[in-house]
Amino acid sequence: MNCTRLLVLASVVTLAAVVHRVHAKDAVSDTGYASPTPMRTPHLFGENVISTGDDEFGGQFSIDGRALWFSKSVPRFHIDTIFVAQFRDGYWQAPEIASFSGIWHDYDPTLAADGQRLYFVSDRPRVDSKQHANYDIWYLDRTTGGWSAPKNAGAPINGSWSSHFAVTTRNGSLYFTSDHPGSKGYLDVWMSRLVGGRYQEPSNIGDVINHPDWANFEVYVDPDERYMIVSAYGHEDSLGDCDLYVSYRRDGVWQPLQNLGPGVNSAARDYSARVTPDGKYLIYTSERGVPTDKRATPWTYREFTSAIRGVRNGLGDIYQIDLDAALPPPLP
């Protein structure tokens, strides 16, 4: 979920008519993200195909690494649409709008650990309501014929509040960010246990993660609940905007959040974290732009238009880094 999801602007997103492909020159397996060399610093993912001059965020790979769901928005954020790209013959193909998206505000696709359920957030109407001003958690189930129609997660996950990110663990627990009643801050991390096939009343994760001064817009949770990565505003140690933080779980208790630091975060917004299915890479979004150091010579028209229309133009791009390089060691 984008860190300022509730902002609305009136622009229209367009895709270039020319089909682009990017060769996964770093791929060493059938996945579209594996690298033969370490990625100890953030690398732009899928330049000019996945990461473009548009505003992209939230890269979710399929279990086999050959499909990628992500969101595009019109800054900021009048239109939110989910796209999907396929990895074929060593190339990422041009993305297409996902079959279930393109009408409502849809964003933040996440995949269950077994790959059988795809979650996303949307303001589309519920079946029992013609008007719906909130954002709900929705999902699709994988079937023998493809993906099912979108289904609303329903109560007690959804209600009169809004939710902006959802992720499940291997045991079925659902973590999500929401302004659910009882939230301590603008948006908090909540969790619901799956018992007997039914989600229980959500519980607030607590003071170590949620705080009146913080806004936790997104939360990625490791399938085995060893750690969570939170996209948050309001921390005193922020590098300047929305930053990524990690909390490790020790003896069943979530530990204080730690900033991922300048090796991952920047002075711009850094958010929408996910980890690849093999657990090796952190995938996240950053709005870091072209260097802003004082120039020795004036811009030329060609340079300027190229900078504002291409990647690293201050809109969202998707980045990849080795997970063990991204995460700080647990606190003692």
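This report describes the fold, two sheets, the cores and a surface patch of a predicted model.

## Overall make-up

The chain has 332 residues, and 55% of them count as buried. Its secondary structure comes to two helices and 26 strands.

Contacts often link distant parts of the sequence. Take the contacts with a separation of 6 or more: residues 24 or more positions apart account for 54% of them. The accessible surface is about 15200 Å². Carbon and sulfur atoms hold 53% of that surface.

## A sheet that starts with strand 2

Strands 2, 26, 25 and 24 form an open sheet, in the order 2-26-25-24. The pairing is antiparallel. Strand 2 (43-44) and strand 24 (270-275) stand at the edges. Each has a single partner strand, so one side of each is left without a neighbour in the sheet.

Look at one edge in detail. Strand 2 pairs with strand 26 (residues 317-322) over two bridges, in the antiparallel sense. Histidine 43 has glutamine 320 in strand 26 as its bridge partner.

## A sheet that starts with strand 13

Another open sheet has four strands in the order 13-14-15-18, again with antiparallel pairing. Its edges are strand 13 (163-168) and strand 18 (203-204). Each of these pairs with a single strand, so one side of each has no neighbour in the sheet.

Strand 13 and strand 14 (residues 174-178) are joined by five bridges, in the antiparallel sense. In one of the pairs, threonine 168 is matched with leucine 174 of strand 14.

## Nonpolar cores

The largest nonpolar core has 35 residues. Which of them touch the most other members? They are Tyr175, Tyr227, Ile229 and Leu282. Strand 20 (residues 227-233) gives the most to this core, with five residues.

Isoleucine 229 shows how such a residue is surrounded. Leaving out residues up to four places away in sequence, its contacts include Val219, Leu244, Val246, Ala273, Val275, Leu282 and Leu327. Glu218, Tyr220 and Tyr245 also touch isoleucine 229. Apart from the largest core lies another, of 15 residues. Its members include Tyr33, Phe61, Leu68 and Ile283.

## A nonpolar patch on the surface

Some nonpolar residues lie at the surface. Val290, Trp299, Phe304 and Ile308 make a nonpolar surface patch of about 350 Å².

Where is valine 290 found? Valine 290 sits in the loop between strand 25 (281-286) and helix 1 (301-309). Is valine 290 buried, partly exposed or exposed? Its relative accessible area is 31%, so valine 290 is partly exposed.

Definitions and conventions: Residues are numbered from 1 along each chain as its sequence is written. This is a predicted model: local features need pLDDT of at least 70, side-chain atom pairs count only at pLDDT 80 or more; totals for chains, interfaces and linings use all residues. Side-chain values use heavy atoms; hydrogens and water are left out. Two strands pair if DSSP finds at least two bridges between them. A nonpolar core is a set of buried Ala, Val, Leu, Ile, Met, Phe, Trp, Tyr and Cys residues joined through side-chain atoms within 4.5 Å. Buried means under 20% relative accessible area, exposed over 50%, partly exposed in between (1.4 Å probe, protein chains only). Contact means heavy atoms within 4.5 Å. Patches are made of residues with over 30% relative accessible area and no salt bridge: like charges are joined within 9 Å, nonpolar side chains (Val, Leu, Ile, Met, Phe, Trp, Tyr) within 5 Å. Accessible areas come from the Shrake-Rupley method with a 1.4 Å probe; for residues, only the protein chains shown count as cover. A salt bridge is a side-chain nitrogen of Lys or Arg within 4 Å of a carboxyl oxygen of Asp or Glu.
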